[in-house]
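Got your viewer open and a selection box ready? Let's walk through this one stop at a time, picking residues as we go.

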Amino acid sequence: MAVDNDRLMAFLGRFVGDLGATMAAGNVVVGERLGLYRALAATPSTPAELATATGTDARYVDEWLRGQAAGGYVEYDAATDTYSLTDEQAFALTDPDGPVFMPGAFQLALGALRAEPRITAAVRSGDGVGWHEHDADVFEGCERFFRPGYLANLTTSWLPALGDVEAKLRAGASVADIGCGHGASTLLMARAFPASRFTGSDYHEGSIAEARKKAADAGVGDRVSFEAATAQSFGGGPYDLVTTFDAIHDMGDPVGAARHVRESLATDGTWMIVEPFAGDTVNDNLNPVGRVYYSFSTFLCVPNALSQDGGYALGAQAGEAAIRRVVTEAGFTRFQRVAETPFNLVYEARP
């Protein structure tokens, strides 16, 4: 084996960065859950001051802060032994309603990694691992990861890109949100369009129970309902709008789901499909975003699809061509990309 030392050192450098990032994920979740970031955003602090402000142990906080500073997640002033957050760090680490909220993504990652023994066995056997079989942090972390993007884009740019859909929603439309999880997307639309009625569905009963609680807390339970149902069997209709958010690629039978969507739409109805940002080839996705989605997909998306009937396992980097094939095979005649962000692609399908 002829090993080039420079290339080896470069690869080891990547490994050290990845190992630090892996452990940093847990530390970010600890910092968010204990309020360490929020307190640090309010005022620069020494470790002892931050511990006092958050009711935590100073020795642990000291070590946590040093690691955060080494990773560039907080700032350190050696002259005063104080730590602080820049405006940009605070923006990404402390506001769950902002367009970027990093702790939610790390919570999702930690929850997914708890399934490692089962995923290792599944990779060997080819068996599936259902979404419902994962740790609770997967369900909550998924909502907290995707919700900021929906909050920033759903009502301001994605829905307005769908021709006459926004006008229908303002006048009063019937909407089905398929694979809604905890209902973040459903409730965002319901608050924005009080004249419309919304039905969210998800096959995971635990997520539906949580969605119902959130709807009650939001005071929209009179026009928002949730049902435990698969994408191939959700009820109601005809709907003016059907939505799926980061869900089609997770399904074992996306074509069956698409057919049921088409059957459930009004004659002039619209299906909005939001999917992870992806190109159509492997080379298109060999980048940091692709790495994130391929890695999550190995633990979550592909195992879930393989746990279901249908024969599909598109994965989180399916790309536009694959989604178009699913939609057209189900009988839709019009399909187009209408919007995008660094993390999502938005498609419109009509019968």
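What follows is a short tour of a predicted model, stop by stop.

**Stop 1: the start of the chain**

Select Met-1, Val-3, Leu-8, Met-9, Leu-12, Phe-15, Val-16 and Leu-19, and show them as a surface. Together they make a nonpolar surface patch with about 830 Å² of accessible area. Now pick out Phe-15, which sits in helix H1, residues 5-33. With a relative accessible area of 44%, Phe-15 is partly exposed.

Next, pick Arg-38 and Glu-32. These two form a salt bridge, with 3.7 Å between the closest N and O atoms. Arg-38 is partly exposed at 43% relative accessibility, whereas Glu-32 is buried at 11%.

**Stop 2: a glycine out in the open**

Go to Gly-55, in the loop between helix H3 (47-54) and helix H4 (58-70). Is Gly-55 buried or exposed? Its relative accessible area is 69%, so Gly-55 counts as exposed. Draw a distance from its C-alpha atom to that of Pro-351: you should get 57 Å, for two residues 296 apart along the chain.

**Stop 3: a strand-to-strand loop and a ring pair**

Select Asp-81, in the loop between strand S1 (75-77) and strand S2 (82-84). Most residues other than glycine have a negative phi, and most peptide bonds are trans. Asp-81, though not a glycine, has a positive phi of about 55°. At 35% relative accessibility, Asp-81 is partly exposed.

Time for aromatics: the whole structure has 11 aromatic pairs. Show Tyr-76 and Tyr-83: their ring centres are 4.7 Å apart and their planes are at 35°, so this is a tilted pair. The two rings differ in cover: Tyr-76 is partly exposed at 40%, while Tyr-83 is buried at 3%.

**Stop 4: a bridge between two loops**

Pick Arg-114 and Asp-135, whose side chains meet in a salt bridge at 3.0 Å, N to O. Arg-114 is in the loop between helix H6 (102-113) and helix H7 (116-125), and Asp-135 is in the loop between H7 and H8, so the pair ties together parts 21 residues apart in sequence. Arg-114 is partly exposed at 46%, and Asp-135 is partly exposed at 29%.

**Stop 5: helix H8**

Select residues 136-158 to light up helix H8, then find Glu-143 in it. Glu-143 is buried, with a relative accessible area of 15%. Which residues does Glu-143 contact, leaving aside its neighbours within four places in sequence? Show Pro-148, His-182, Ala-184 and Lys-214: those are the contacts.

Stay here and add Phe-145, Phe-146, Tyr-150, Trp-158, Phe-245 and Phe-296, which form one aromatic cluster.

**Stop 6: the annotated domain**

Colour residues 171-277. An unreviewed UniProt entry gives this stretch the feature "domain: Methyltransferase". The chain here is 33% helix and 33% strand, with the end C-alpha atoms 31 Å apart.

Zoom in on Gly-237 and Pro-238: the peptide bond from Gly-237 to Pro-238 is cis, with omega near 0°. Pro-238 lies in the loop between strand S5 (224-228) and strand S6 (239-245).

Then take Asp-246, in the loop between S6 and helix H12 (254-264). Asp-246 is another non-glycine residue with a positive phi, near 50°. Is Asp-246 buried or exposed? It has a relative accessible area of 8%, so Asp-246 is buried.

**Stop 7: charges towards the end of the tour**

Across the structure there are 20 salt bridges. For one of them, select Arg-337 and Glu-320, whose side chains meet at 2.8 Å, N to O. This pair links distant parts of the chain, with Arg-337 in strand S8 (residues 334-340) and Glu-320 in helix H15 (residues 320-329), 17 residues apart. Arg-337 is partly exposed at 34% relative accessibility, whereas Glu-320 is buried at 16%.

For the last selection, show Asp-164, Lys-168, Asp-268, Glu-348 and Arg-350. Salt bridges with shared partners join these residues into one network.

Methods
Residues numbered from 1 in each chain as written. Predicted model: local features only at pLDDT ≥ 70, side-chain atom pairs only at ≥ 80, totals over all residues. Heavy atoms only, no water. Patch = residues over 30% accessible without salt bridge, like charges linked within 9 Å, V, L, I, M, F, W, Y side chains within 5 Å. Areas by Shrake-Rupley, 256 points an atom, 1.4 Å probe, with all protein chains shown as cover. Salt bridge = Lys/Arg side-chain N within 4 Å of Asp/Glu carboxyl O. Helix = DSSP H or I, 4+ residues; strand = E, 2+ residues; numbered from the N terminus. Buried < 20%, exposed > 50% of the residue type's maximum accessible area, 1.4 Å probe, protein only. Contact = heavy atoms within 4.5 Å. UniProt positions renumbered as here; feature names shortened; annotations may be inferred. Phe/Tyr/Trp six-rings, centres within 6.5 Å; stacked < 30°, edge-to-face > 60°.
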